[in-house]
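Visitor: Could you walk me through this structure, one question at a time? I would like to hear the reasoning as well as the result.

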Amino acid sequence: MSGDLIPGYGLRSGSGLDRAILVKFMHRTYGELYPDGELGHLAQTVEQYFSKQTPLWLVECQNNMGEEEANLSALPSSQPKPKSQVQNLKSAVGCLWLGNAIDQCTGERYSHIFLLYVSREHRRLGIGKSLVNHAENWVRKRGDRQIGLQVFMSNQPALNLYQKLGYKSHSLSMIKSL
């Protein structure tokens, strides 16, 4: 583990071997918000954007290593997982994935939270807040002067968290179905 989050949980840096975990958490995130949505493209998104320049951290429950076992079969992969990767899938209960963006007004690079996810049964314990704090500390060390994220208007718990942590709306994304 690379660091403690809250008692009973640890944080470790992800690697290319953790792609399946990242895809699983993306499926869970969007599946909760859009249960009838087609999510097959998420694996392609991870394949395209996950790299050494887009760091990933995984939250692992140190007390209950087997709780994710039932969800392994839901992963969008037909290949058997190596034993070490299966153990990671069992113990990972959340993640933080960061990327890069460019401020179109100043031209400066800034960090962007691509994904912050905590499994339902581990929410409201301070894990999300700890992950945002970890992201902000990493961003400061990197030398960026701001951090951004996208949150769906329907995701009230996430909106509440980010507002409590001092995040403010900077722009409004608008979509029109045709």
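Guide: What follows is a set of questions and answers on this predicted model.

Visitor: In what order do the elements of the chain run from the N terminus on?

Guide: The secondary structure comes to 5 helices and 6 strands. Read from the N terminus on, the elements run β-β-α-α-β-α-β-β-α-β-α.

Visitor: What share of the contacts between residues at least 6 apart in sequence joins residues at least 24 apart?

Guide: The chain has 178 residues, and 39% of them count as buried. Among contacts between residues at least 6 apart in sequence, the share that joins residues at least 24 apart is 69%.

Visitor: How much of the accessible surface belongs to carbon and sulfur atoms?

Guide: The accessible surface of the chain comes to about 11,100 Å². The part that belongs to carbon and sulfur atoms is 51%.

Visitor: Let's go to single residues. Is valine 139 buried or exposed?

Guide: Valine 139 is found in helix α4, which spans residues 127-142. Its relative accessibility is 4%. Buried means under 20%, so valine 139 counts as buried.

Visitor: Which residues does valine 139 touch, leaving out those up to four places away in sequence?

Guide: One of them is serine 111, which is 28 residues apart from valine 139 along the chain, with 6.5 Å between the two C-alpha atoms. With residues up to four places away not counted, valine 139 touches Leu98, Ser111, Asp144, Gln146 and Ile147.

Visitor: Asp144 is on that list. Which residue forms a salt bridge with aspartate 144?

Guide: Aspartate 144 counts as buried, at 8% relative accessibility. Its partner is partly exposed, with a relative accessible area of 25%. The closest N and O atoms of the pair are 2.8 Å apart, and the partner is arginine 142.

Visitor: How many salt bridges does a search of the whole structure find?

Guide: The pair of arginine 142 and aspartate 144 is one case. Another group is a network of salt bridges that links Arg12, Asp18 and Glu60. For the whole structure, the number found is 8.

Visitor: How far apart are the closest N and O atoms of arginine 123 and glutamate 32?

Guide: Arginine 123 counts as partly exposed at 32% relative accessibility, and glutamate 32 is also partly exposed, at 27%. The two residues form a salt bridge, and their closest N and O atoms are apart by 2.9 Å. This pair links distant parts of the chain: glutamate 32 is in helix α1 (residues 19-33), whereas arginine 123 is in the loop between β5 (109-118) and α4, and the separation in sequence is 91 residues.

Visitor: Which residue meets arginine 145 in a salt bridge?

Guide: Arginine 145 has a relative accessible area of 69% and is exposed, while its partner is partly exposed at 35%. The N to O distance is 3.2 Å, and the side chain that meets arginine 145 is that of glutamate 108. The pair joins the loop between α4 and β6 (147-149), home of arginine 145, to the loop between β4 (92-102) and β5, 37 residues apart, where we find glutamate 108.

Visitor: Now the aromatic rings. What is the geometry of tyrosine 34 and phenylalanine 152?

Guide: The structure holds 7 aromatic pairs. For tyrosine 34 and phenylalanine 152, the centres are 5.5 Å apart and the angle between the planes is 80°, which makes the pair edge-to-face.

Visitor: Why does that pair tie together parts 118 residues apart in sequence?

Guide: Tyrosine 34 lies in the loop between α1 and α2 (42-49), and phenylalanine 152 lies in the loop between β6 and α5 (156-164), so the pair ties together parts of the chain whose separation in sequence is 118 residues. Both rings belong to a cluster linked by ring pairs: Tyr30, Tyr34 and Phe152.

Visitor: Tyrosine 34 first, then its partner: what are their relative accessible areas?

Guide: Tyrosine 34 is partly exposed at 38%. Phenylalanine 152 is partly exposed too, at 25%.

Visitor: How do the rings of tryptophan 97 and phenylalanine 114 pair?

Guide: Their centres are 4.9 Å apart and their planes stand at 70°. Planes over 60 degrees apart count as edge-to-face, so this pair is edge-to-face.

Visitor: Is tryptophan 97 buried or exposed?

Guide: Phenylalanine 114 is partly exposed, with a relative accessible area of 30%. For tryptophan 97 the relative accessibility is 2%, so tryptophan 97 counts as buried.

Conventions. Residues are numbered from 1 along each chain as its sequence is written. Side-chain values use heavy atoms; hydrogens and water are left out. Helices (H or I, at least four residues) and strands (E, at least two) are DSSP runs, numbered from the N terminus. Buried means under 20% relative accessible area, exposed over 50%, partly exposed in between (1.4 Å probe, protein chains only). Contact means heavy atoms within 4.5 Å. A salt bridge is a side-chain nitrogen of Lys or Arg within 4 Å of a carboxyl oxygen of Asp or Glu. Accessible areas come from the Shrake-Rupley method with a 1.4 Å probe; for residues, only the protein chains shown count as cover. Rings of Phe, Tyr and Trp (its six-membered ring) pair if their centres lie within 6.5 Å; planes under 30 degrees apart count as stacked, over 60 as edge-to-face and the rest as tilted.
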